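Q: Please take a close look at a single part of this structure and set out how it relates to the rest. I am new to the structure, so please explain each term as it arises.

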Amino acid sequence: VIGGSELFALWWTPCVTLPSLLVSGDGYKSPVSYAGNWARSHNGRRTIRKICKRSAEAQMDAFETQLWLEEPPEKLPRVLLLSLTWTSELGLAGQISEHIQDHKIVCVKAGPDCYQIFQGYMPHTRMPDGYGLLEWQSSGNPYSNPQGISRPQMQEYVRYLRVFVESEIWHGEAHNAICNTSQVDFFNQLVWSSFSFTEIEDADILGYAETPLLTALGDAVRARTVAGSAARGPPSSSH
């Protein structure tokens, strides 16, 4: 049974950030930091696993709906950015940052029977041997072909992806299939997984050397400097 404060915390916090926020402890000043002790309890861990699983199932259903839509050629290609996050429950007893990881995958729907998967894997303390895009494309992984993969291959990839994000116990085989790497230190561990996706539109992609935020900041600083100089008036001459 979850108390009222825990229900508020779960309702307020998106599932994609739920694991890290709930176990962050009293030192982290967030609206849900008070729920840390509850999240470490047996009932809390079990509840969060189920919530994360339901959220992942819903997001996977929505992702597949978009992926298999029958669309006219002028609507393609479509670029979908997938976000995976998983947290080992071993992190509840120690430093949570050492037991939480995230990963991004770019899925391109180029045609009704042509899909592409782009990704890299950043090296870190738990996975020192990462890889870049070119290494992924030359890895020999059945889903890494830079020329694209067929619809049946994409369906197979999505099945592995669903198994991974909906499993309450780390699924090494599925992780290896979708990411082309194994992390043996997660094997057989209870995990909180979350999954989300978004579509990248043309307007989201910046052209070469475009820095809109930096440009806007520079314009604001220059405007403030000009306004300040005008308010002070011309410099006085000293004799």
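A: The account below begins with the chain as a whole, turns to helix α4, and then follows the parts around it.

The model is predicted, so local features are given only at a pLDDT of at least 70 and side-chain atom pairs only at 80 or more, while totals for chains, interfaces and linings use all residues. Residues are numbered from 1 along each chain as its sequence is written, and side-chain values rest on heavy atoms, with hydrogens and water left out.

The protein chain contains eight helices and four strands; these are DSSP runs numbered from the N terminus, a helix being H or I over at least four residues and a strand being E over at least two. Read from the N terminus, the order of elements is α-α-α-α-β-β-β-α-α-α-β-α. Of its 239 residues, 38% count as buried, where buried means under 20% relative accessible area, exposed over 50%, and partly exposed in between, with a 1.4 Å probe and protein chains only.

Helix α4 covers residues 42-67, which is 26 residues. From its first C-alpha to its last it reaches 37 Å, close to the expected 38 Å; the expected span is 1.5 Å times one less than the number of residues. The buried residues of α4 are Gly 44, Thr 47, Ile 48, Arg 49, Ile 51, Cys 52, Ala 56, Met 60, Phe 63 and Leu 67. An α-helix has 3.6 residues a turn, so residues three or four places apart point the same way. Arg 54, also in α4, counts as exposed because its relative accessibility is 53%. Although Arg 54 and Ser 194 are 140 residues apart in sequence, their C-alpha atoms are 9.4 Å apart in space.

Two of the buried residues of α4, Phe 63 and Leu 67, also belong to the largest nonpolar core. Such a core is a set of buried Ala, Val, Leu, Ile, Met, Phe, Trp, Tyr and Cys residues joined through side-chain atoms within 4.5 Å. This one has 31 residues, and those touching the most other members are Phe 63, Leu 67, Leu 84, Met 154 and Leu 161. At least two residues of the core come from each of α4, β1, β2 (100-111), β3 (114-118), α6, α7 and β4. Helix α6 gives the largest share, six residues.

Helix α4 also takes part in the lining of a cavity. On a 1 Å grid over the protein atoms alone, a cavity is a set of points where a 1.4 Å probe fits but cannot get out, and lining residues have an atom within 4 Å of a point. Grid points are joined across faces, edges and corners, and a volume is the space filled by probe spheres set on the points. The count comes to one cavity of 30 Å³ or more, and the largest cavity holds about 30 Å³. Its lining consists of Arg 49, Cys 52, Lys 53, Val 165, Glu 166, Ser 167, Glu 168, Val 191, Trp 192 and Ser 193. At least two of these residues are supplied by each of α4, α6 (151-166) and β4 (191-200). By class, four lining residues are nonpolar, two polar and four charged; Ala, Val, Leu, Ile, Met, Phe, Trp, Tyr, Cys and Pro count as nonpolar, Asp, Glu, Lys and Arg as charged, and the others, Gly among them, as polar.

Aromatic rings may be considered next. The whole structure has 10 aromatic pairs: rings of Phe, Tyr and Trp (its six-membered ring) pair if their centres lie within 6.5 Å, and planes under 30 degrees apart count as stacked, over 60 as edge-to-face and the rest as tilted. Trp 86 and Trp 170 form a tilted pair, because their ring centres are 5.6 Å apart and their planes lie at 55 degrees. Trp 86 belongs to strand β1 (residues 78-88) and Trp 170 to the loop between α6 and α7 (172-179), so this pair links parts of the chain 84 residues apart. Both Trp 86 and Trp 170 are buried. Phe 164 and Trp 170 have ring centres 5.2 Å apart and planes at 85 degrees, so that pair is edge-to-face. Phe 164 is buried as well. Ring pairs join Trp 86, Phe 164, Trp 170 and Phe 186 into a cluster.

The stretch that follows α4 has a feature of its own. Pro 77 lies in the loop between α4 and β1, and the peptide bond from Leu 76 to Pro 77 is cis, with omega near 0 degrees.

Methods. 1 Å grid on protein atoms, 1.4 Å probe; cavity = no way out; pocket = protein on both sides within 12 Å on 5 of 7 lines; lining within 4 Å.
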